[in-house]
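Please walk through this model step by step, with the coordinates open beside the text.

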Amino acid sequence: MSMDAVFIEGKRKYIFCSDEHGLRVLSSVFENVKKEKLAYEWYHFSAEKRECLEEFLSKQKMGTFLYVELPYSELHTVQMMAKRIGFSSDETQYFGYGEKWISIFCCRCHELNRAEEQQTGLTCHQCELKLEVSDHYSELYHAFLGYPATG
Amino acid sequence: MYIEPTLFVRVSSIEKITKQVKKFTLFPETGKELPRFSGGAHISTYLKIPSGLIVRQYSLVSHPDKRSNYEIAVRLSENSKGGSLHWHQGMKVGDRLQISYPKNHFSLSFKARHHVFYAAGIGITPFLSMMQDISTNRQTFELHYASKSEESCVFHSYIKKHYPNQSHFYFSDQHQRLQTTSLANHPIGTHVYFCGPEGFIEQFRTASIELGYPILSIHSERFSPPKPIVLKAFQVKIHNGITINVSKTETILEALHKHGIIAPYSCQIGRCGTCELPVLKGRVDHYDSFLSDEQKEANNCIIPCVSRAKSDKLVIEIK
Amino acid sequence: MKWTGDLAHFPYPFKGSTYRYSNNSIPMKQPYCIEVTSSYKKEMLFKRKLLSDHPERCYQSLPHSITGQWEIVEIVIDHLVSQYPQDFSIEQENNRWIFTNKILDEKKEFIFGEKNSLPCEPLFFISQHVQEDLIYMRQRDDNLYLDAGQLCFPANWSLAFNIGMKFKSIHHPIPGFKEEGLDQRILQFLMRLEAGTPWERLNWSLMAGDRLDTSLETFNQWGRLRKQVTSENAGELVHIRVEVQKLFRLPRTNSILFSIHTHLLALEQLATNIEWLQQFYEILSELPDHIVEYKGISTYKKAVLKYLEKQLQQVKTL
């Protein structure tokens with residue numbers, strides 16, 4: 001996930017989805033879209049309205065580009081939802097803010113452990129193996145692999 | 001030169017399905033069943049005629065799970081250089097020929113939420129097996145099919161019978177035109193597939209891109225004849241060393257090895273990419289089936305086990 | 001499980017005096033995805049025990065892989081029957097198939113394509129009859145994904161973690177692989193694989209001990225042996241592990257079957273061939289650190305080199 005939203009040219013419509021806190025990285029692209037007089041829609045997100053968002057996204061046509069900026073706690077759910085509906089990685093940009101947790105997959109017992117983003121080691125809460133956090137990532141588990149800690 | 005493995009088949013029936021199109025049924029000669037294939041697959045057919053070998057690609061129009069025979073539909077083209085002319089006039093029931101294993105360069109997108117096929121004329125053929133695949137997967141699709149008239153519309157009654165709700169026909173003799181405007185109505189997650197004459201494909205591709213379709217959601221199929229190999233001698237210079245001569249009958253890789261130059265290799269048929277070398281100067285004549293079109297156009301690398309030089313000299317880098 | 005066959009048949013992996021990562025694939029001469037060796041019975045018993053004791057470690061599949069799994073059943077049975085007609089047979093009446101494994105004295109009847117006619121998934125079923133690990137890579141859009149697999153004898157990786165993963169992500173942990181652009185090149189090669197033209201390549205590593213099941217999950221059981229290697233015991237303890245990897249395009253689902261047959265050979269056996277001894281010594285001495293590290297040899301590389309030197313000395317003084 002890059003830090004700045006990038007304006008993608010040549011789409012027939014742009015959707016911006018965010019809550020009131022997360023407007024920072026999207027604003028420059030939004031200004032661009034307004035200046036060029038392109039079609040757009042703002043979707044003001046709240047966790048209670050998640051189902052409405054699903055309905056809203058499902059109604060979109062090909063040629064639509066989606067920008068999302070949400071707290072990390074919500075972002076992954078929305079990302080999975082958009083993917084399920086049919087938005088591909090070439091039709092979306094996602095930005096998270098706030099506290100970020102990651103999952104660590106225990107290489108011995110396959111349990112998913114919660115860890116802080118910067119954490120380099122932990123003990124598996126199920127099998128108690130000492131794990132070293134790697135950068136090997138699984139999209140399916142949305143988790144990083146924890147290897148047996150050396151030393 | 002590398003020749004791909006083939007299967008021997010015989011023609012078991014020939015059926016004229018429109019004025020210009022004949023359907024051929026091919027059954028395996030050995031009694032061993034033919035391989036299954038995936039929606040959108042084609043075969044290469046090898047026809048031996050007095051003036052040489054004719055290689056043509058045709059989509060398989062039979063069911064992908066049917067192993068007892070294959071079916072292809074061949075349109076007699078007005079400016080046929082021998083391929084379709086021979087199929088239409090020379091081919092008889094019982095004739096023997098070689099075909100490739102099924103290949104698929106026009107497969108259904110896995111991530112698509114909805115598939116839309118745009119066909120013009122004989123361009124319908126790859127879509128028949130694709131529609132069969134989708135029906136078993138219970139996914140949704142639409143077909144937009146343009147033809148001169150109902151009589152010349154290949155597989156018209158079959159499609160109408162099996163996919164009445166998904167298919168839309170456009171007959172130009174009835175002043176119906178298949179237009180690009182429908183591209184604007186497809187829901188997010190749609191993948192579009194175009195097959196027909198070059199101009200038709202280009203028109204629909206351009207329109208999709210203008211609407212903002214991602215490139216990866218647009219699929220099209222063009223069959224291109226194999227490139228005849230030009231065998232001429234040339235020179236290869238190693239960037240910091242000697243110049244060696246590559247004769248008409250040897251490959252660059254062979255010439256390198258002959259001069260004691262260590263160059264890694266594996267398959268020697270231009271497929272695995274192990275022997276790839278950077279090119280610093282000179283124009284490359286690519287014959288491999290490893291590099292992508294973009295990589296070939298960039299002209300900065302070569303697969304020396306099969307590719308050659310267009311210019312008189314190539315400068316390559318060997319570490 | 002040590003090599004018990006004729007040394008001349010061991011899939012010795014080296015050519016030249018250096019080793020680097022590459023796509024060293026070659027077209028197969030005998031287009032079969034499986035091989036039955038003299039340790040068939042022993043390995044099948046071991047494999048079946050692993051499959052039943054640790055199914056989540058040894059078997060993974062995504063729901064959309066079933067058609068591809070049937071394709072694997074079809075190709076594996078075809079290859080078993082064509083290559084070993086005295087040991088395997090198949091009776092087919094439309095979709096009703098009866099498969100006979102005479103080595104294990106078993107007969108299985110099922111309806112091809114009908115999932116409920118087997119007690120387990122099709123790939124799980126057929127993998128109980130072959131020594132190879134079987135990996136199904138599905139071509140989805142512009143990439144390959146590990147969508148099903150039976151893996152009892154991994155070289156230190158986890159099928160459970162890698163399930164559903166893209167080709168490049170699977171190979172992400174290999175140092176230098178991405179930097180050298182090899183991941184893209186090999187992906188490109190695989191995407192162009194054609195039915196009728198299967199390929200084969202050899203992969204190797206060294207290991208302390210003779211376990212076939214060196215899964216990441218059990219690393220704490222077998223990894224510690226690395227610390228026990230000395231130049232005295234290396235010949236017996238250290239094994240070269242060679243994977244014969246075979247690649248077949250499955251035309252029905254436009255996917256790839258990747259079969260892996262793992263062979264182990266003790267260094268003392270390897271050393272009986274003087275050319276191999278000399279060549280392997282040269283390769284190991286020259287091997288770049290990142291490859292030594294990834295193949296898990298760092299801890300005992302010195303001890304192995306010392307052992308090989310001693311063997312070479314003996315040869316020269318003879």
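Domain bounds, as used here, come from an automatic or database domain assignment. The model is a predicted one, and in it the domain assignment of chain B gives domain 1 (6-100), domain 2 (114-220) and domain 3 (234-316). Between the centres of domain 1 of chain B and domain 3 of chain B, taken over C-alpha atoms, there is a separation of 36 Å.

Chain B contains an open sheet of five strands, whose order is 9-8-7-10-11 and whose pairing is parallel. At the edges of this sheet stand strand 9 (167-171) and strand 11 (218-220) of chain B, and because each has a single partner strand, one side of each is left without a neighbour in the sheet. On average, and with direction ignored, neighbouring strands of this sheet are turned by 15° against each other. Looking at one pairing in detail, strand 8 (residues 141-147) of chain B runs parallel to strand 9 of chain B and is joined to it by five bridges; within strand 9 of chain B, Ser167(B) is the residue that Leu143(B) stands opposite.

The loop between helix 4 (198-211) and strand 11 of chain B holds Ile215(B). Is Ile215(B) buried or exposed? Since a residue counts as exposed if 12 or fewer other C-beta atoms lie within 10 Å of its own, Ile215(B), with 10 other C-beta atoms within 10 Å, is exposed. Measuring from C-alpha to C-alpha, Ile215(B) lies 9.9 Å in space from His191(B), although the two are 24 residues apart in sequence.

Turning to chain A, four strands form an open sheet in the order 2-1-3-4, again with parallel pairing. Strand 2 (40-44) and strand 4 (92-97) of chain A are its edge strands, each of them pairing on one side only, and the average turn between neighbouring strands of this sheet, direction ignored, is 10°. Helix 3 (residues 72-85) of chain A packs on the sheet, where it touches strand 3 and strand 4 of chain A, and the direction of helix 3 makes about 155° with that of strand 3 of chain A. Strand 3 (residues 64-71) of chain A is also joined by six bridges to strand 1 (residues 13-18) of chain A, the two running parallel, and here Lys13(A) stands opposite Thr64(A) in strand 3 of chain A.

The last step concerns how the chains meet. The contact takes 15 residues from chain A and 14 residues from chain B; by class, the side of chain A that touches chain B has four nonpolar, six polar and five charged residues.

Terms used. Residues numbered from 1 in each chain as written. Chains lettered and ligands numbered in written order. Predicted model: local features only at pLDDT ≥ 70, side-chain atom pairs only at ≥ 80, totals over all residues. Contact = placed C-beta atoms within 7 Å. Nonpolar A, V, L, I, M, F, W, Y, C, P; charged D, E, K, R; others polar. Pairing = 2+ DSSP bridges. Axes fitted to C-alpha atoms, helices over the stretch in contact; angles between N-to-C directions. Buried ≥ 20, exposed ≤ 12 C-beta atoms within 10 Å, placed from the backbone.
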